[in-house]
Amino acid sequence: MAAEGKIDPMHQFTVEPLLPLHIGGYDISFTNSAAWMLVTLAVIYGFMAMGMQRQLVPGRWQVAVEGLTGFIDNMVSVNIGPEGKKFTPYIFSLFTFILVANLLGLLPFSVVGIHPFTSTSHFSITGVLAVMSFSIVLIVGFWRHGLHFFSLFVPHGTPKVMIPLIAAIEFISFMVRPFSLGLRLFVAMIAGHILMEVFGSFIVSGFSGGPLGWGVGLLSFAFIVGVAALELLVCAIQAYVFALLTSLYLNDAINLH
Amino acid sequence: MDFASAQVIGAGLAAIGVGAAAIGVGNVFGSFLESALRNPAAADGQQGRLFIGFAAAELLGLIAFAVAMIILYAR
């Protein structure tokens, strides 16, 4: 919020407890983050429930839901193959949760009356999603291949001399995956929201200035319209990339390479 | 130079990395478009790889942004 010309773009990311609750020294308050995750869940549930009509000739809503499920189903079967079929529900929940949480966070101030909170703009949320994907990859890998799973670190046709070096590099790139997965989503959301906040406060402080300030305000307004469109795209791309990378990692674990 | 000014200058320098990542992302999509127009039939099958390349290039820019933010808000 721009208060007296002071820009505080980080304020929008504060987690505030709505229902304070402390049990055994732990703070498990019901926060705005949790509230917006529940809203996300409700939106997804509503969207799916409205579309799952099982009609032979689908209506508009059913086409939308079938398009979404078909999109994820196609992505999983292209990237993992027929054995990936059982991971479709997980990838689908991941994709829809991230997409809807991102989009809800973009809602402007006035539409719902309270300031929307982007739950995916915190590393504690995206990090947990990433760790979940990573542990599924580990569990599936060791379940299917046992200790043979470690051959993931030695690509086919590596010369004998190079094996220690390649294995070390592959191991590092494997262990970095959960961090890069979570960091990408969280930083992309933070960056976009800070950008919008900063230019939004330029509009406010510009219009409270002189004629030159009006020019600045108008320019910022035009810019922020473009940025908002770009942010919609980024929301979808980040959700898509998260789901895509998860399915690629699962492919590594299932088929080795 | 006092700490606050050094902090702001450091954050600005760290933000250069974001511009470098912009070149990378532009390169990814530019090369994809160039080759997709040469062989449109094969373009659709490569969309997954396009987004992997995009994600890798973008991640480095986002890390630069995170570093800038860490410097800017360091105490």
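Q: How far apart are the end C-alpha atoms over residues 9–71 of chain B?
A: In this predicted model, residues 9–71 of chain B carry the UniProt annotation "domain: V-ATPase proteolipid subunit C-like", taken from an unreviewed entry. The stretch is 92% helix and 0% strand. Its end C-alpha atoms are separated by 10 Å.

Q: Which residues of chain B does UniProt place under "transmembrane region", and what is the end-to-end C-alpha distance over residues 6–29?
A: The unreviewed UniProt entry places that feature at residues 6–29 and 50–74 of chain B. Residues 6–29 of chain B are 96% helix with 0% strand. Between the end C-alpha atoms of residues 6–29 the distance is 36 Å.

Q: What percentage of residues 50–74 of chain B is helix?
A: Here, too, the UniProt record places a "transmembrane region". The end C-alpha atoms of residues 50–74 are 36 Å apart, and strand makes up 0%. Helix accounts for 92%.

Q: How many residues does each chain give to the contact, and how many on the side of chain B are nonpolar?
A: Chain A supplies 12 residues and chain B supplies eight. On the side of chain B that touches chain A, one residue is polar and one is charged. The nonpolar residues there number six.

Q: Are H7(A) and H4(B) roughly parallel or roughly perpendicular to each other?
A: Helix H7 of chain A runs over residues 211–255, and helix H4 of chain B over residues 47–72. Their axes lie 10 Å apart and make an angle of about 105°. An angle from 65 to 115 degrees counts as roughly perpendicular. H7(A) and H4(B) are therefore roughly perpendicular.

Q: Which residues of H4(B) meet H7(A)?
A: From H7(A), the residues taking part are Tyr240(A), Val241(A), Leu244(A) and Leu245(A). By class, the residues of this helix contact are six nonpolar, one polar and no charged. The partners in H4(B) are Gly48(B), Phe51(B) and Ala55(B).

Q: What pattern of helices and strands does chain A follow along the sequence?
A: Chain A holds seven helices and six strands. Its C-alpha trace spans about 70 × 55 × 45 Å along the principal axes. Read along the sequence, the pattern is β-β-β-β-β-β-α-α-α-α-α-α-α.

Q: What percentage of the residues of chain A count as buried?
A: A residue is buried if 20 or more other C-beta atoms lie within 10 Å of its own. Chain A has 257 residues to sort by that cut-off. The buried share is 28%.

Note on methods: Residues numbered from 1 in each chain as written. Chains lettered and ligands numbered in written order. Predicted model: local features only at pLDDT ≥ 70, side-chain atom pairs only at ≥ 80, totals over all residues. UniProt positions renumbered as here; feature names shortened; annotations may be inferred. Helix = DSSP H or I, 4+ residues; strand = E, 2+ residues; numbered from the N terminus. Contact = placed C-beta atoms within 7 Å. Nonpolar A, V, L, I, M, F, W, Y, C, P; charged D, E, K, R; others polar. Axes fitted to C-alpha atoms, helices over the stretch in contact; angles between N-to-C directions. Parallel < 35°, antiparallel > 145°, perpendicular 65-115°, else oblique. Buried ≥ 20, exposed ≤ 12 C-beta atoms within 10 Å, placed from the backbone.
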